[in-house]
Amino acid sequence: MEFSNRVLEIFKELNTIPRGSGHMEQIAEFCMSFANKHNLKCEKDSANNVIIYKDATPSMKNSHPVILQGHLDMVWQKTEDCQIDFLKDPIETFVDGDFLRANKTTLGADNGIAVSIIMAILESNSLEHPPIEAVFTTDEEVGMLGAVKLDTSNLKSKRMINLDSEEEDTVTVSCAGGSEFSLNAPFERVKVTGTKISVNLTGLQGGHSGVEIHKGRQNATLLAVRILNHLYQKFDFDLISLNAGDKSNAIPNNATFEIVTSTPTQLVEELKDYLVTVKKELSFREPNFEYSVITGQSGDFFTLPEKTKNDLFQFLVSAPNGVIANSCEIEDLVETSLNLGIFKTDETEMNLCFSLRSNKESAIKYLEEKLVTLSKCIDCTTKISGSYPAWEYTDNSPLRKMYEESYKEQFSKEPKIEAIHAGLECGVFASKIPDLDCIAIGPTLFDVHTTKERMCISSLENFCKLLLNFLKKL
């Protein structure tokens with residue numbers, strides 16, 4: 001059987017197992033059962049990370065070992081009309097021309113295709129390769145939690161191939177580190193009388209905060225705050241709720257807010273005029289932006305206290321967001337950024353979360369300090385979590401040079417060498433294994449973390465051929 005076809009078979013099997021971030025038990029057991037079935041040494045830790053070991057083929061028994069690494073978890077997203085229960089139902093995939101897609105959900109090729117490729121290598125008795133240490137980590141999508149907890153003391157290799165890159169023609173050689181800053185502000189609602197106005201902001205592009213942060217895409221939360229702050233300069237109103245985003249590392253593309261006012265006619269007139277201005281301003285960057293304004297019933301409503309509302313505006317209008325600095329060392333690389341990805345209001349508290357990124361450790365610390373300082377204007381608690389180290393560029397990488405040669409041999413051109421602003425587990429491994437020589441590669445994927453996610457099938461075929469030939473040379 002063609003190797004890439006076997007990879008797709010394994011991938012289809014993976015998609016029958018729940019493996020969303022935070023639900024790693026069943027997929028970890030699947031990996032252990034796979035290893036036992038093929039008589040391979042394996043181990044699983046308390047974080048459900050799995051390591052599977054395979055000896056070198058006879059022709060390469062004197063070669064140094066290599067780590068093949070991917071993460072087990074995926075992002076669960078589905079369309080509004082999709083009835084799938086991710087904890088019970090398989091992800092349905094289908095072929096669309098040269099693409100593999102999922103039916104109304106994320107595909108999970110990030111990073112299930114890496115797991116599938118590695119497993120296909122591990123189960124084969126005909127492929128040439130050095131000693132392999134296959135490392136399957138957990139909860140990468142929510143802060144690389146598995147990699148952070150992984151004990152690497154049993155790993156002997158000083159070479160690692162991470163398979164979490166998403167462009168066949170690219171070798172990733174550096175990535176940002178990061179952390180999450182969360183803020184929790186409790187309050188007691190107060191009863192006010194007036195007319196409720198509901199506003200929905202929709203159709204913004206959104207995107208991954210490590211990949212699209214430099215593209216000028218509008219953050220829905222901050223757009224809502226801008227509109228509210230504009231109204232606040234002219235009218236008295238009370239805030240019932242503001243909600244946007246559900247992942248810190250995603251630029252929110254929709255937002256809703258509800259307010260109560262005693263002057264609904266005048267406020268709504270000003271609101272609609274301002275929304276027309278905003279839509280025109282955003283027309284080139286956000287061509288699909290839409291809004292709706294609904295004037296509700298008059299009556300009694302429970303709203304945020306005046307001080308909480310004022311503190312909220314003061315904090316969010318002042319807080320930094322987006323690109324903070326570009327690299328002076330690597331062309332076209334965003335060096336430091338942050339993204340307000342989550343804002344939620346419930347009955348008793350508001351919660352927000354920023355994703356911070358930088359290729360410079362000190363820059364992340366400064367952003368954390370800045371947000372902590374700003375938060376002192378609010379009666380709140382703050383937390384910094386999910387910290388992971390940057391993976392700094394190494395000029396002298398034998399592994400990268402060997403891969404470049406293999407790529408040129410197959411495609412008669414040089415691969416792209418890229419540093420990225422997104423995070424990769426390579427940084428965590430490099431911080432734990434001294435002098436680790438590492439590259440990140442993979443087949444071409446599009447629109448990961450969304451229901452439009454798709455994988456190029458011909459790219460998978462090309463990449464598998466490239467990787468197998470590369471392993472022979474190690």
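Buried here means a relative accessible area under 20%, so H449, at 18%, counts as buried. Keep that cut-off in mind, because partly exposed residues fall between it and 50%. This is a predicted model. The protein chain has 474 residues, and 55% of them count as buried.

**Overall build**

- In secondary structure, the protein chain comes to 11 helices and 23 strands.
- The C-alpha trace spans about 80 × 45 × 45 Å along its principal axes.
- For a compact globule of 474 residues you'd look for a radius of gyration near 23 Å, and the protein chain agrees with its 24 Å.

**Aromatic pairs and clusters**

- The aromatic pairs add up to 10.
- One to look at is Y232 with F237: the pair is edge-to-face, with 5.9 Å from centre to centre and 70° between the planes.
- The two partners sit in unlike surroundings: F237 is buried at 2% relative accessibility, whereas Y232 is partly exposed at 24%.
- F181, F315 and F354 come together as one aromatic cluster.

**Charges over rings**

- F237 turns up again here, since K309 lies over the face of its ring, 5.1 Å from the ring centre; the charge counts because it has to be within 6 Å of that centre.
- Over at Y53, the charged end of K41 sits above the ring, at 4.9 Å from the centre.

**The second largest pocket**

- This pocket has a volume of about 190 Å³.
- Its lining is made up of 14 residues, and W391, T394, L436, D437 and C438 are the ones nearest the pocket centre.
- Sorted by class, the lining holds 7 nonpolar, 4 charged and 3 polar residues.
- Helix α9 (398-411) and strand β21 (437-440) each give at least two residues to the lining.

**Backbone oddities**

- D110 and N111 are joined by a cis peptide bond, with omega at about 10°.
- N111 belongs to helix α3, which covers residues 109-123.
- K104 isn't a glycine, yet its phi is positive, at about 70°.
- You'll find K104 in the loop between β5 (99-102) and α3, where K104 is partly exposed at 35% relative accessibility.
- H449 is another non-glycine residue with a positive phi, near 75°.
- The loop that holds H449 runs between β22 (445-446) and β23 (454-456), and H449 is buried there, with a relative accessible area of 18%.

**Pairs across the sequence**

- P186 and T308 are 122 residues apart in sequence, but their C-alpha atoms are 8.9 Å apart in space.
- P186 is part of strand β9 (residues 177-186) and, at 45% relative accessibility, counts as partly exposed.
- T256 and P305 are 49 residues apart along the chain, and 19 Å separates their C-alpha atoms.
- T256 lies in strand β14 (residues 255-261) and is partly exposed too, at 33% relative accessibility.

Notes:
Residues numbered from 1 in each chain as written. Predicted model: local features only at pLDDT ≥ 70, side-chain atom pairs only at ≥ 80, totals over all residues. Heavy atoms only, no water. Phe/Tyr/Trp six-rings, centres within 6.5 Å; stacked < 30°, edge-to-face > 60°. Buried < 20%, exposed > 50% of the residue type's maximum accessible area, 1.4 Å probe, protein only. Lys NZ or Arg CZ within 6 Å of the ring centre and 35° of its normal. 1 Å grid on protein atoms, 1.4 Å probe; cavity = no way out; pocket = protein on both sides within 12 Å on 5 of 7 lines; lining within 4 Å. Points joined across faces, edges and corners; volume = space filled by probe spheres on them. Helix = DSSP H or I, 4+ residues; strand = E, 2+ residues; numbered from the N terminus. Nonpolar A, V, L, I, M, F, W, Y, C, P; charged D, E, K, R; others polar. Rg over C-alpha atoms; globule rule 2.2 N^0.38 Å.
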